[in-house]
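This report takes one helix first. The whole chain follows.

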Amino acid sequence: MTDAMETLEYDVVVLGAGPVGENVADRTRAAGLSTAVVESELVGGECSYWACMPSKALLRPAITRADARRVPGVSQAVRGPLDAEAVLAHRDEFTSHWKDDGQVAWLDGTGADLYRGHGRLDGEKKVAVTGPEGDTHVLIARHAVAVCTGSRAVLPDLPGLAGTKPWTSREATSSARVPGRLVVVGGGVVGVEMATAWRALGSDVTLLVRGDRLLPRMESFAGELVAESLTEAGATVRTGASVSAVERDGGTGPVTVTLAGGERIECDEVLFATGRAPRTDDVGLASVGLEPGSWLTVDDSCRVEGSDWLYGVGDVNHRALLTHQGKYQARIAGAAIVARAQGVPILDAGPWGTHAATADHVAVTQVVFTEPEVASVGLTLAEAEAAGHRVRAVDYDLAGVAGASLYADGYRGRARMIVDLDREILRGVTFTGPAVGEMLHSATIAVVGEVPIDRLWHAVPAYPTISEVWLRLLETYRG
């Protein structure tokens, strides 16, 4: 660490030490560029402590038990409740008990310098860092500043909400106790995953969705199967339900959620999973002519439009709010920063080039760790049609695959591939069913590689695995 008010120069300054900022720093340091990383909270970011890792640690026991209950010879052995205390303790291990020593050691190993405190842009290529003790450091970037500060949960403007102490995704993944009654507002990924986890841990869960289905950005059958499973698990799923007010007497007792029609629902905690906003409201955007709190508009190298030195990587650019996509962008942005610093005259910035995050447009991958799982890559049918492609959706019932029937009795699932009829390639694939997440990368390769249908016929799936659905989809397509 440096003395207060000291000004230092680096080739690159990174705001945010989550997975995205870490990967930018790793790439620039590997190329020999001096790099400073500024972090106001925990090194490792949202994913490590309040999102990906703790949520999946909570969900894994729920999914494992659900799978085991459908296997003869095992089902009778897993009829009891989950050991909530053990699950929460396991979750705590995966978050390193909200301590970042291990992540700091990794970052130190890259050779980047870590500055604890709040970093703000202070004009071109300049970052002012206010440390935890009020000390200030000024960091000058010779080549680039990368804003990798991520996003935060958005709470709606509702009467009474401020005094309710509502849960957001952070509280939902870090709670030290299981609430007796939990209302979840929002039917997106966070909403359905947390409804799944806390219902399995014993909460009486009510899921309120303003729209007409769950997972509205995915193929409709995905949300239908997840809603069916949640209902069978004992959760209450209500669509067309809009919250108009929330209140909590004294700030500590039960919470009353009022719906638009006047109905009141009492619970012990209420989780709002109703969207994200960029954490750019207090990073000094105004000093470089940008709107505080705005999403950063970037090109495919993640460089902010209109700038030759400022990058917006990860959630802040609103291209794909997923950890793995942010890390992918970080690899692209890091390579572009290095190339520009080295004076490369023409970057490899065409589609699928070294310096272009093309997958953000056509091959975003996502797994929703519910029961059943949902895994998707690329475009949905609606998205492909809206983009002007002449396509056909090819569906297959996963229960008709031998590997699925062996996996579990009563296996329920569905697969869909979106075929570009002009080019005979895949534009998107969605699987819904137990254990489908591990099948996603084969679909990703097919979409990214633009593998022709004729060539896919020669990719022989092993029998009897669930992946044999690929053969069935191709057979269905060819009739």
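Which residues of helix 5 (residues 101-110) are buried? In this predicted model, they are Val 104, Leu 107 and Thr 110. These buried residues span an arc of only 110 degrees around the axis, so they sit on the same side of helix 5. The spacing fits the general rule: an α-helix has 3.6 residues a turn, so residues three or four places apart point the same way.

The other side of helix 5 carries exposed residues: Asp 101, Gly 102 and Gly 109. The cover over the buried residues of helix 5 includes helix 1 (19-30), strand 2 (35-39) and strand 3 (113-116). Gly 111 follows helix 5. The phi of Gly 111 is positive, near 95 degrees.

Now the whole protein. It holds 15 helices and 21 strands. Its radius of gyration is 24 Å, close to the 23 Å that the globule rule gives for 479 residues, so the protein is as compact as a globular protein of that length. Along the principal axes, the C-alpha atoms fill a box of roughly 65 × 65 × 40 Å.

Three shares describe the packing and the surface.

| Quantity | Share |
|---|---|
| Buried residues, of the 479 residues | 52% |
| Residues 24 or more positions apart, of contacts with a separation of 6 or more | 63% |
| Carbon and sulfur atoms, of the accessible surface | 51% |

The accessible surface comes to about 20,500 Å². Charge completes the picture. The protein has 44 positive and 62 negative side chains. The centres of these two sets lie 3 Å apart.

Conventions
Residues numbered from 1 in each chain as written. Predicted model: local features only at pLDDT ≥ 70, side-chain atom pairs only at ≥ 80, totals over all residues. Heavy atoms only, no water. Helix = DSSP H or I, 4+ residues; strand = E, 2+ residues; numbered from the N terminus. Rg over C-alpha atoms; globule rule 2.2 N^0.38 Å. Buried < 20%, exposed > 50% of the residue type's maximum accessible area, 1.4 Å probe, protein only. Contact = heavy atoms within 4.5 Å. Areas by Shrake-Rupley, 256 points an atom, 1.4 Å probe, with all protein chains shown as cover. Lys, Arg positive; Asp, Glu negative; His and termini not counted. Charge placed at Lys NZ, Arg CZ, Asp CG, Glu CD. Arc of directions from axis to C-beta.
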